[in-house]
Amino acid sequence: MTCGNTAYRHLHVFVRGRSSDHKTELVSQGVALSGFRRPCKAYQANGSVGGAAAASAAVCEAGELALEVPPADARTVLELSLDKEGLIEPPAIQPAPSLSYDRRVLQATLQLSPGGASAASRPRHTRSSFQTISVRYTCFKDGVSDIMLTLHVLAHKPIDLAWRKRCVEPKAHVGKALTAPQAFAIVMVVLVAIGFAMCLVCFCCSEDDDPDGPFGGAGGKVAVEGRQRKRKYADEGDEEALEGMGPAAAAIGAREGEITYH
């Protein structure tokens, strides 16, 4: 009978790199490898009573963690794989994996990929990949936080693994959209400009026939005198034309009761 203090020896955990072909092994045969184990200071932080004893008895990481996720990476993908014996009856990951991190620096969330409980239901070339876990990061400020993940394997010892995530404070993006007060101000300026232009045009048109107005002056007087001369020349031309046509034409132009002698 398997008790909860033994590791599940058929489980391997890899972290995917930027290239899908590049993977780094974190857990081998159910045990976290050196450089990826839970830091010893985490055991001491659990409580003052028995914390130091737990750290000395546990297999923990006393030095620096081997994996640091750069600021450009917004997530880390872990791949859980099984060997041939584990594929016969895959284990149950229960309860759900848990995360611990520095909440002042970032926020991390877990997303488990769906999959059938039996490896036999999946294609043969994907049966070794038992499950994938995606850890997504949301950075709040500049800093580095230890990320500790605990995998709970039903009826077996949980697996603790850790890495580091470096964060950079996100920059605020200034939107280019206009606010309501700005849009209202622009509309008012345009309407005022249109109204002023219309008033100016109407004022100029009303002053065209007034030579003494502000827009008349010498130019307006010249225009009026020119029109008067044209009318005078037209009247003189009509009289000369009538005289050239003889007495009959001259009589036509006389008033009734008058006789014209030549």
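**View 1. Leucine 191 sits in helix 4.** Leucine 191 belongs to helix 4, which covers residues 180-206. The model shown here and in the other views is predicted. Leucine 191 counts as exposed because its relative accessibility is 52%, and the cut-off for exposed is over 50%. This leucine also helps to form a nonpolar patch on the surface. Its partners in the patch are Phe184, Val187 and Met188. Together the four residues have about 400 Å² of accessible area.

**View 2. Residues 183-205 carry a UniProt annotation.** The unreviewed UniProt entry gives this span the feature "transmembrane region". In the model, residues 183-205 are 100% helix and 0% strand. The C-alpha atoms at the two ends of the span lie 34 Å apart.

**View 3. Cysteine 199 is in no disulfide.** Which cysteine sulfur is nearest to that of cysteine 199? It belongs to cysteine 202, and it is 6.7 Å away. A disulfide needs sulfur atoms within 2.5 Å, so this pair does not qualify. Cysteine 199 counts as exposed, at 54% relative accessibility. Cysteine 202 is exposed too, with a relative accessible area of 55%.

**View 4. Cysteine 40 and cysteine 60 form a disulfide.** The two sulfurs are 1.9 Å apart. This link joins distant parts of the chain, 20 residues apart. Cysteine 40 is in helix 1 (residues 40-44). Cysteine 60 is in the loop between helix 2 (51-57) and strand 4 (68-69). Is this pair buried or exposed? Both cysteine 40 and cysteine 60 are buried. The link is right-handed, with 90° about the S-S bond.

**View 5. A disulfide ties cysteine 139 to cysteine 167.** Here the S to S distance is 2.1 Å. The torsion about the S-S bond is about -65°, so this disulfide is left-handed. Cysteine 139 lies in strand 8 (residues 129-139), and cysteine 167 lies in strand 10 (residues 159-167). The two cysteines are 28 residues apart. Cysteine 139 and cysteine 167 are both buried. How many disulfides does the model have? The count is two. With the bonded cysteines numbered in sequence order, the pairing reads 1-2, 3-4.

**View 6. Aspartate 146 is buried in strand 9.** Strand 9 runs over residues 143-151 and includes aspartate 146. Why is aspartate 146 called buried? Its relative accessible area is 18%, and buried means under 20%. Leaving out residues up to four places away in sequence, aspartate 146 touches several others. Among them are Pro39, Lys41, Leu65 and Ser100. Tyr101, Asp102, Trp163 and Arg164 are also in contact with aspartate 146.

Definitions and conventions
Residues numbered from 1 in each chain as written. Predicted model: local features only at pLDDT ≥ 70, side-chain atom pairs only at ≥ 80, totals over all residues. Heavy atoms only, no water. Patch = residues over 30% accessible without salt bridge, like charges linked within 9 Å, V, L, I, M, F, W, Y side chains within 5 Å. Areas by Shrake-Rupley, 256 points an atom, 1.4 Å probe, with all protein chains shown as cover. Salt bridge = Lys/Arg side-chain N within 4 Å of Asp/Glu carboxyl O. Helix = DSSP H or I, 4+ residues; strand = E, 2+ residues; numbered from the N terminus. Buried < 20%, exposed > 50% of the residue type's maximum accessible area, 1.4 Å probe, protein only. UniProt positions renumbered as here; feature names shortened; annotations may be inferred. Contact = heavy atoms within 4.5 Å.
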